[in-house]
Amino acid sequence: MPSSPPDALGLSGLRPVLPSPLQPAEDERFARHGVTLLLKRDDLIHPDLPGNKWRKLAPNLRAAAGRPVLTFGGAYSNHLRATAAAGRLLGFRTIGVVRGDELAHRPLNPSLARCAADGMHLHFVDRRTYRDKADPQVLAALLSAHGECEVIPEGGSNALAAQGCTELGRELRGAADVAAVACGTGGTLAGLAAGLAPEQRALGVPVLRGGFLGDAVADLQREAFGGPAGAWSLEERFHFGGYARTTPELHAFADDFEDRHGLPVERLYVAKLLYALTALAGEGAFPPGTAVAAVVTGRPDAAPATPAGAQPSDSSR
């Protein structure tokens, strides 16, 4: 059942699966250290708006109230795809400002092609302009080109998104000692920590290099909650070279995890999270008796949602 009341935009009519399932994952790499691994299956929330995309977008779309939405992302942005899908499902116009003007003259990759198929207008900008996307003059130029729009930041992370993600923490109260999530722009971690009980803590695994995420999470919590909210920390060793970067080692780990648990593992976020937790368990970072919940925020592009408790077919991996 949806956790929110019916609304004029019709978000509740999309029938999100909330709360998302929490599944035990029997894994000797954790068990030998006295650690219990749980999988918080946010990837099952909605087939077109899975995981943290639902939790972050829903409050922003309610605020937009059907107005056109302009937002930002790279060439493989999950956020752009989710926003475009929401526009198709709910009947509002979407504009995606895409980093890299050189992409405008190339065939669309599968991610951007999906956005276009869902009706999103793609506006390509050079990388310098993209870096300055929060500058009032840059925003004014975009709004001048596309008309009045609700502007949602890159990754969907703002105060509304952080507030929306507090429900994720509330769903995990009493279920785990540590709730862990892969991080891109920090909105999910900011809200997750705020929603947990005082005796719990949130752990973020950044998928980007740069060491900037701590400040971003703190800023989001100030905007959303007026100051620090909940206990959280970052483990920054597992970005595998940065955003959208992977290695053969990471792919081998993800393939093995899929075989062990029947879970299609998304490579850019979820694989890095699961790898990090496995390594941390091996290092003794979690005391014996700790229950760790890994938030599965998405699934591979080609993988359909698998109902809780079911085993995916080979074609879904």
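Biologist: What is the relative accessible area of D256?

Modeller: This is a predicted model: local features need pLDDT of at least 70, side-chain atom pairs count only at pLDDT 80 or more, and totals for chains, interfaces and linings use all residues. Residues are numbered from 1 along each chain as its sequence is written, and side-chain values use heavy atoms, with hydrogens and water left out. Buried means under 20% relative accessible area, exposed over 50%, and partly exposed in between (1.4 Å probe, protein chains only). D256 counts as partly exposed, and its relative accessible area is 28%.

Biologist: What is the N to O distance between the side chains of D256 and R29?

Modeller: The two side chains form a salt bridge. That term means a side-chain nitrogen of Lys or Arg within 4 Å of a carboxyl oxygen of Asp or Glu. R29 counts as buried, at 12% relative accessibility. From N to O, the D256–R29 distance is 3.5 Å.

Biologist: How many residues apart in sequence are the parts that D256 and R29 tie together?

Modeller: Helices (H or I, at least four residues) and strands (E, at least two) are DSSP runs, numbered from the N terminus. R29 belongs to helix 1 (residues 28–31) and D256 to helix 10 (residues 248–261). The pair therefore ties together parts whose separation in sequence is 227 residues.

Biologist: By how many residues are R260 and D256 separated in helix 10?

Modeller: These two also form a salt bridge, with their closest N and O atoms 2.6 Å apart. R260 is partly exposed at 35% relative accessibility. The separation within helix 10 is about one helical turn, because the residues are apart by 4.

Biologist: Which residues do salt bridges with shared partners join into one network?

Modeller: The structure holds 22 salt bridges. D256 pairs with R29, and also with R260. Through shared partners, one network takes in D27, E28, R29, D256 and R260.

Biologist: Which residue of strand 6 meets R67 in a salt bridge?

Modeller: R67 lies in the loop between helix 2 (52–64) and strand 3, 83 residues from its partner. R67 is partly exposed at 39% relative accessibility, whereas the partner is buried at 19%. The closest approach is 2.7 Å, N to O. The strand 6 residue is E150.

Biologist: What is the strand order of the open sheet of 4 strands?

Modeller: Strands count as paired if DSSP finds at least two bridges between them. Strand 5 (121–125) and strand 6 (150–151) are the edges, each pairing on one side only. The pairing is parallel, and the order is 5-4-3-6.

Biologist: Which residue of strand 5 stands opposite G96?

Modeller: Strand 4 (residues 94–99) pairs with strand 5 in the parallel sense, over 5 bridges. Opposite G96 stands L122.

Biologist: What angle does the direction of helix 3 make with that of strand 3?

Modeller: Helix 3 (residues 78–90) packs on the sheet and touches strand 3 (69–73) and strand 4. Contact means heavy atoms within 4.5 Å. Axes are lines fitted to C-alpha atoms, for helices over the stretch in contact, and angles run from 0 to 180 degrees between N-to-C directions. For helix 3 and strand 3, the angle is about 160°.

Biologist: Within what arc do the buried residues of helix 6 fall?

Modeller: The buried residues of helix 6 (residues 136–146) are V138, L142 and H146. Their cover includes strand 3, strand 4, strand 5 and helix 5 (127–131). The arc is that of the directions from the helix axis to the C-beta atoms. These residues line one face of the helix, because they fall within an arc of 55°.

Biologist: Which residue caps the N-terminal end of helix 6?

Modeller: Exposed P136, Q137 and S144 sit on the face of helix 6 turned away from its buried side. Just after the helix, G147 takes a positive phi of about 85°. At the N-terminal end, a side-chain oxygen lies 2.7 Å from the backbone nitrogen of Q137, and the capping residue is D135.

Biologist: What is omega for the cis peptide bond that joins L18 and P19?

Modeller: Most peptide bonds are trans. P19 is found in the segment before strand 1 (22–24). Across the L18–P19 bond, omega is about -5°.

Biologist: Is F240 buried or exposed?

Modeller: F240 is in the loop between strand 9 (232–234) and helix 10. Its phi is near 55°, a positive value in a residue other than glycine. At 15% relative accessibility, F240 is buried.

Notes. A polar contact is a pair of N or O atoms within 3.5 Å; within protein, one must be able to donate a hydrogen and the other to accept it, and residues adjacent in sequence count only if both atoms are side-chain atoms.
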